[in-house]
Amino acid sequence: MFLSLSLSGGPPDVGKMLGGEEKEEDPDAAKKEEERQEALRQQEEERKAKYAKMEAEREQMRQGIRDKYGLKKKEEAEAEAAAAAEEPAAGSLTRPKKAVPAGCGDEEEEESIMDTVMKYLPGPLQDMLKK
């Protein structure tokens with residue numbers, strides 16, 4: 001069964017419902033729209049207040065856990081790390097030096113490493129390396 005609606009054959013209101021030419025202007029339309037917008041703003045403010053309250057409760061719970069286990073807040077830990085990184089460079093006029101990899105350090109350190117290695121080598125090899 002197939003139904004077809006035509007604008008001229010239906011009841012007189014069908015043309016209006018389907019977007020016909022006749023439109024009645026509501027004199028209070030602007031006022032109603034303003035009230036609707038105000039209601040939407042109020043709902044949004046209530047929603048934000050609700051979520052702010054929930055987040056405050058969560059933060060209070062997080063702080064309780066941090067206190068219990070001696071943890072630091074992520075932001076505080078990052079701030080301390082940044083302060084520690086800036087501290088050595090504070091009095092320097094040049095950029096901070098790059099970290100020196102292990103084994104590329106002072107000669108004293110290298111000598112102590114060689115002494116340690118020499119202790120574990122057999123006697124003939126020690127003599128050979130000393131020469």
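**Exercise 1. Arg-47 and its partner**

Task: In this predicted model, work out whether Arg-47 counts as buried, partly exposed or exposed, and find which residue it pairs with in a salt bridge.

Solution:
- Start with the surface. Arg-47 has a relative accessibility of 40%. Buried means under 20% and exposed means over 50%, so Arg-47 counts as partly exposed.
- Now look for a carboxylate. Glu-44 forms a salt bridge with Arg-47, and their closest N and O atoms are 2.6 Å apart.
- Check the partner too: Glu-44, at 33% relative accessibility, is also partly exposed.
- Finally, place the pair. Both residues sit in helix α2, three residues apart, which is about one turn of the helix.
- The background is simple: an α-helix has 3.6 residues a turn, so residues three or four places apart point the same way.

**Exercise 2. Another pair in α2**

Task: Find which residue meets Arg-41 in a salt bridge, and say how the two are spaced in the helix.

Solution:
- The side chain of Arg-41 meets that of Glu-38, with 3.1 Å from N to O. Side chains of opposite charge can pair when their charged atoms come close.
- Arg-41 and Glu-38 are three residues apart in helix α2 (residues 29–69), so about one helical turn separates them.
- As for exposure, Arg-41 comes out at 44% relative accessibility, which makes it partly exposed. Glu-38 is partly exposed as well, at 44%.

**Exercise 3. Glu-80 and the wider set of bridges**

Task: Name the salt-bridge partner of Glu-80, then list the residues that shared partners join into one network.

Solution:
- Glu-80 pairs with Lys-72, at 2.8 Å from N to O.
- Glu-80 has a relative accessible area of 43%, so it is partly exposed.
- Next, the network: salt bridges with shared partners link Glu-55, Arg-58, Glu-59, Arg-62, Arg-66 and Lys-73.
- For the overall tally, the structure holds nine salt bridges.

**Exercise 4. A closer look at Arg-66**

Task: Decide whether Arg-66 is buried or exposed, and list what it touches beyond its sequence neighbours.

Solution:
- Arg-66 belongs to helix α2.
- Its relative accessibility is 12%. The cut-off for buried is under 20%, so Arg-66 is buried.
- Set aside the neighbours within four places in sequence, and Arg-66 is in contact with Glu-59, Leu-71, Lys-72 and Lys-73.
- Two of those names should ring a bell: Glu-59 and Lys-73 are in the network with Arg-66.
- How does that sit with the chain as a whole? Buried residues make up 4% of its 131 residues.

**Exercise 5. The end of α2 and the greasy patch**

Task: Compare the span of α2 with the expected value, then say which residues make the nonpolar surface patch.

Solution:
- α2 has 41 residues and runs 60 Å from first to last C-alpha, close to the 60 Å expected at 1.5 Å a residue.
- Just past the helix, Gly-70 takes a positive phi of about 70°.
- Met-61, Ile-65, Tyr-69 and Leu-71 make a nonpolar surface patch of about 470 Å².
- Tyr-69 lies in α2 and is exposed, given its relative accessible area of 54%.
- To zoom out, the chain has five helices and zero strands. Its accessible surface is about 12,800 Å², with 56% of that belonging to carbon and sulfur atoms.

Methods
Residues numbered from 1 in each chain as written. Predicted model: local features only at pLDDT ≥ 70, side-chain atom pairs only at ≥ 80, totals over all residues. Heavy atoms only, no water. Salt bridge = Lys/Arg side-chain N within 4 Å of Asp/Glu carboxyl O. Helix = DSSP H or I, 4+ residues; strand = E, 2+ residues; numbered from the N terminus. Buried < 20%, exposed > 50% of the residue type's maximum accessible area, 1.4 Å probe, protein only. Contact = heavy atoms within 4.5 Å. Expected span 1.5 Å × (residues − 1). Patch = residues over 30% accessible without salt bridge, like charges linked within 9 Å, V, L, I, M, F, W, Y side chains within 5 Å. Areas by Shrake-Rupley, 256 points an atom, 1.4 Å probe, with all protein chains shown as cover.
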